[in-house]
Every structure is written in structure tokens, then in C-alpha cells.
Amino acid sequence: MNTVFIALGSNLDNPVYHVETGIRDINNLPETEVIKKSSLHKSKPVGPQNQPDYINAVIKIITNHEPLPLLDVLQDIENKHHRKRVERWGPRTLDLDILIYNDLIINHERLVIPHPEIINREFVLIPLKEITNYDFIIPKYGKLLQYI
């Protein structure tokens, strides 16, 4: 089984509902189980500020899905939640980002792991800290606590 951390965010059409049902949808994937989840965190949007605040969370899962097939099923879940990709960093019903996948470093045209903005986003770092231990290491970047 692979250990994966996923960030969830929403700021449209009842964001709490989308984040909570997104977690449930991930937990219902075959050969996948959510083993930890952070509390919900409210944050200002990245990018255009003329949109509602976000609700964010981070989950830890174990899964047999390889990275790209996992990305595909996560994008299917986003689509199920009527995700529209209109503008970069624009409002969305559900955003699912693979943050960390085991200790892999991946630079693929469709997927970069660890997530390239992981160390710059407090709305990811704070919930990630909540569900990991004091010495948690982000592959490529080092100790989580140095970024908080």
C-alpha cells in the first residue's frame, strides 16, 4: 500500500459539503482508505481575490493506486462535484491535489510530486502538520516545521 497526502479545497456551492463528501468519495475508492483527516480550515483565495474564502483540509490515505491513475480518479471526483476549470486559481466546487506520494519525487507533465507549492501554502501546511508527527519530512524539502 502507498501512503499519500491529499489537499482538498472548495469555495463554491456549500464548500464544507464538497470537502466532506470529497473525503467520503476518496474513502470509497477501491483499495483506498482515508486513515487521517485534518479539521476544516478557512483561508483567503490564492490569486484573484474577488471570490469567496476557501474551506481546506488535508487527508492521509493508503491506496494501491499508482500516482497517475490516482490523479485520474481524483479528477473524476472533482468532475462529479461539477468542477469547472475556467481560470487559474479561480473559484471551484472541489479541488483535490496530491501533495505527497510515499517519498517519491515526480516531475511529469501531468503531475508534480511533492506538490510544487506545498511549502508556500499555509492552508496546506497547517492541516498537514495537524495529521503528521513533529518530525514529518516533506520529500525534497525537508522538515515540515521549518515552513510553518
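When I say contact, I mean heavy atoms within 4.5 Å. Keep that in mind for the histidine I want to start with.

This is a predicted model. Mean pLDDT for the chain is 92, and 95% of the residues reach 70 or more. Among the elements, strand 2, residues 32-37, has the highest mean, at 98. Strand 9, residues 142-143, has the lowest, at 93.

Now His115. Find the loop between strand 7 (112-113) and helix 3; His115 sits there. Is His115 buried or exposed? Buried, because its relative accessible area is 14% and the cut-off for buried is under 20%. What does His115 touch, once residues up to four places away in sequence are set aside? Asp97, Ile98, Leu99, Arg121 and Tyr141.

Three of those names, Asp97, Ile98 and Leu99, take us to strand 5, which covers residues 95-101. How many of the residues of strand 5 are buried? 7 of the 7, so the rest of the structure largely encloses this strand. Strand 5 pairs with strand 1, residues 2-10. The sense is antiparallel, over 6 bridges. For a landmark in that pairing, look at Gly9, which stands opposite Asp95.

On to the core. The largest nonpolar core has 24 residues. Which of them touch the most other members? Ile6, Ile26, Ile59, Leu74, Leu96 and Ile98. At least two residues come from each of strand 1, helix 1, strand 4 (54-63), helix 2 and strand 5. Helix 2 contributes the most, with 5 residues.

Take Leu96 as a viewpoint. Leave aside its neighbours within four places in sequence. Leu96 then contacts Ile6, Ala7 and Leu8, along with Ile26, Leu74, Ile77 and Glu78.

A second core lies apart from that one. This other core has 15 residues, including Val58, Ile118, Phe136 and Leu144.

Phe136 brings me to the rings. Searching the whole structure turns up 2 aromatic pairs. One joins Phe5 and Phe136: ring centres 5.2 Å apart, planes at 70°, so edge-to-face. Phe5 is in strand 1, while Phe136 is in the loop between helix 3 (122-131) and strand 8 (137-138). Those parts are 131 residues apart in sequence, so the pair ties them together. Phe5 is buried, at 4% relative accessible area. Phe136 is buried too, at 13%.

Tyr141 and Tyr147 form an aromatic pair as well, again edge-to-face. Here the centres are 6.4 Å apart and the planes meet at 85°. Tyr141 is buried, at 19%. Tyr147 is partly exposed, at 26%. Remember that Tyr141 is also one of the residues His115 touches.

Last topic: charge. Side chains of opposite charge can pair when their charged atoms come close. How many salt bridges does a search of the whole structure find? It finds 6. I'll show a few of them.

Start at Asp25. Asp25 makes a salt bridge with Lys80, with the closest N and O atoms 3.2 Å apart. That pair connects distant parts of the chain. Asp25 belongs to helix 1 (residues 15-27) and Lys80 to helix 2 (residues 67-80), and the two are 55 residues apart. Asp25 also meets Arg24 in a salt bridge, at 3.5 Å from N to O. Together, Arg24, Asp25 and Lys80 are linked in a network of salt bridges.

Look at the accessibility across that network. Asp25 is buried, with a relative accessible area of 8%. Arg24 is partly exposed, at 44%. Lys80 is exposed, at 53%, because the cut-off for exposed is over 50%. So the buried acid, at 8%, is bridged to a partly exposed arginine, at 44%, and to an exposed lysine, at 53%.

Another salt bridge is between Asp135 and Lys143, at 3.4 Å from N to O. Both side chains have some access here. Asp135 counts as partly exposed, at 42% relative accessibility. Lys143 is partly exposed, at 41%.

To recap, three places to look. First, strand 5, with 7 of its 7 residues buried. Second, the ring pair of Phe5 and Phe136, which ties together parts 131 residues apart in sequence. Third, the salt-bridge network of Arg24, Asp25 and Lys80.

Key. Residues numbered from 1 in each chain as written. Predicted model: local features only at pLDDT ≥ 70, side-chain atom pairs only at ≥ 80, totals over all residues. Heavy atoms only, no water. Salt bridge = Lys/Arg side-chain N within 4 Å of Asp/Glu carboxyl O. Buried < 20%, exposed > 50% of the residue type's maximum accessible area, 1.4 Å probe, protein only. Helix = DSSP H or I, 4+ residues; strand = E, 2+ residues; numbered from the N terminus. Pairing = 2+ DSSP bridges. Phe/Tyr/Trp six-rings, centres within 6.5 Å; stacked < 30°, edge-to-face > 60°. Core = buried A, V, L, I, M, F, W, Y, C linked by side-chain atoms within 4.5 Å. pLDDT = per-residue confidence, 0-100.
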